[in-house]
Amino acid sequence: MEYKCPICEREPGSHSLKKIHSQNEVIVYYTCPAEASKYYDNEGICNHYDGEFSTIPENNLWMWVFDCSGFEFKHVCEYQVGLDLANLITKKYSDNLQKICIINPNWYIYLLLSIMWPLIDDKIKSKILYDPNFKFIFQDVPVK
């Protein structure tokens, strides 16, 4: 079943989350906060992610590719969005989460994560990896 965010239906591009790949029972999601016109819409973003992730079949793994292209200080100022997403994932979706792959990292994402780090669950922390050269290849996605 496909999820459709009501906010993005009215205003495409409001939030940034899309399923980009599925292989070997691993679903890959992509986000780039700089592409979202409503990057500050905490409730709407969390509802969007919750709705999208709720469609993941129970036995499937998932990955989150977080693209920092264009990530700026204004995004860091919305750290509550990151904290609420981390809490949502920890409480509801961490069992099937394989990894969070941060691509194109910059100074601002390091700043944001250093602010959030003490508040992020260890289970989520262990699944975060940086890929500064964007060498992520879908065929290399290991299956548990």
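Q: Which residue in β4 is the bridge partner of Trp62?
A: In this predicted model, the partner of Trp62 across the bridge to β4 is Leu97. Trp62 belongs to β3, and β3 and β4 run parallel, with six bridges joining them.

Q: Which residue of β3 is the bridge partner of Ile27?
A: Ile27 is partnered by Trp62 in β3, and Trp62 is in turn bridged to Leu97 in β4. A second partnership with β3 links Tyr30 to Val65, and in total six bridges join β2 to β3, two strands that run parallel.

Q: How does the chain cross from β2 to β3?
A: The path leaves β2, passes through α2 and arrives at β3, and this β-α-β crossover is right-handed.

Q: Which way does β1 run relative to β2, and how many bridges join them?
A: Strand β1, residues 18-23, runs antiparallel to β2, and five bridges join the two. One place to look is Lys18, which stands opposite Tyr30 in β2. The two strands form a hairpin with two residues between them, and in the turn Asn24 has a positive phi of about 50 degrees.

Q: Are the residues of β2 buried or exposed?
A: A residue is called buried when its relative accessible area is under 20%. By that test six of the six residues of β2 are buried. Val26, Val28 and Tyr30 point one way from the strand, while Ile27, Tyr29 and Thr31 point the other way, and all are buried.

Q: Why is β3 described as largely enclosed?
A: Seven of the seven residues of β3 are buried, so the strand is largely enclosed by the rest of the structure. On one side of β3 are Leu61, Met63, Val65 and Asp67, and pointing the other way are Trp62, Trp64 and Phe66.

Q: How many aromatic pairs does a search of the whole structure find?
A: The search finds eleven aromatic pairs. One of them is formed by Tyr29 and Phe53, whose rings are 5.1 Å apart centre to centre, with 75 degrees between the planes, an edge-to-face arrangement. Tyr29 lies in strand β2 and Phe53 in helix α2, so this pair ties together parts that are 24 residues apart in sequence. Both Tyr29 and Phe53 are buried.

Q: Why is the pair of Tyr49 and Phe53 edge-to-face?
A: Planes over 60 degrees apart count as edge-to-face. The ring planes of Tyr49 and Phe53 stand at 90 degrees, with centres 5.7 Å apart, so this pair is edge-to-face. Tyr49 and Phe53 are four residues apart in helix α2, and therefore about one helical turn separates them. Tyr49 is buried with a relative accessible area of 4%, and Phe53 is buried with a value of 1%. Both residues belong to one aromatic cluster that also holds Tyr29, Trp62, Trp64, Phe66, Phe71 and Tyr93.

Q: How many cavities of 30 Å³ or more does the structure hold, and how can a reader think about such a space?
A: Rolling a probe the size of a water molecule over the atoms shows where empty space is left. Here the structure holds one cavity of 30 Å³ or more, and its volume is about 440 Å³. There are 28 lining residues, and the closest to the centre are Trp64, Phe66, Gly82, Leu85 and Leu112.

Q: Which element supplies the largest share of the lining of the largest cavity?
A: The largest share, six residues, comes from α4. Elements that each supply at least two residues of the lining include α2, β3, β4 and α5. Sorted by character, the lining residues divide into 22 nonpolar, five polar and one charged.

Definitions and conventions: Residues are numbered from 1 along each chain as its sequence is written. This is a predicted model: local features need pLDDT of at least 70, side-chain atom pairs count only at pLDDT 80 or more; totals for chains, interfaces and linings use all residues. Side-chain values use heavy atoms; hydrogens and water are left out. On a 1 Å grid over the protein atoms alone, a cavity is a set of points where a 1.4 Å probe fits but cannot get out, and a pocket is an open set with protein on both sides within 12 Å along at least five of seven lines; lining residues have an atom within 4 Å of a point. Grid points are joined across faces, edges and corners, and a volume is the space filled by probe spheres set on the points. Ala, Val, Leu, Ile, Met, Phe, Trp, Tyr, Cys and Pro count as nonpolar, Asp, Glu, Lys and Arg as charged, and the others, Gly among them, as polar. Rings of Phe, Tyr and Trp (its six-membered ring) pair if their centres lie within 6.5 Å; planes under 30 degrees apart count as stacked, over 60 as edge-to-face and the rest as tilted. Buried means under 20% relative accessible area, exposed over 50%, partly exposed in between (1.4 Å probe, protein chains only). Two strands pair if DSSP finds at least two bridges between them. A crossover is right-handed if, with the strands pointing away from the viewer, the path from the first strand over the helix to the second runs clockwise.
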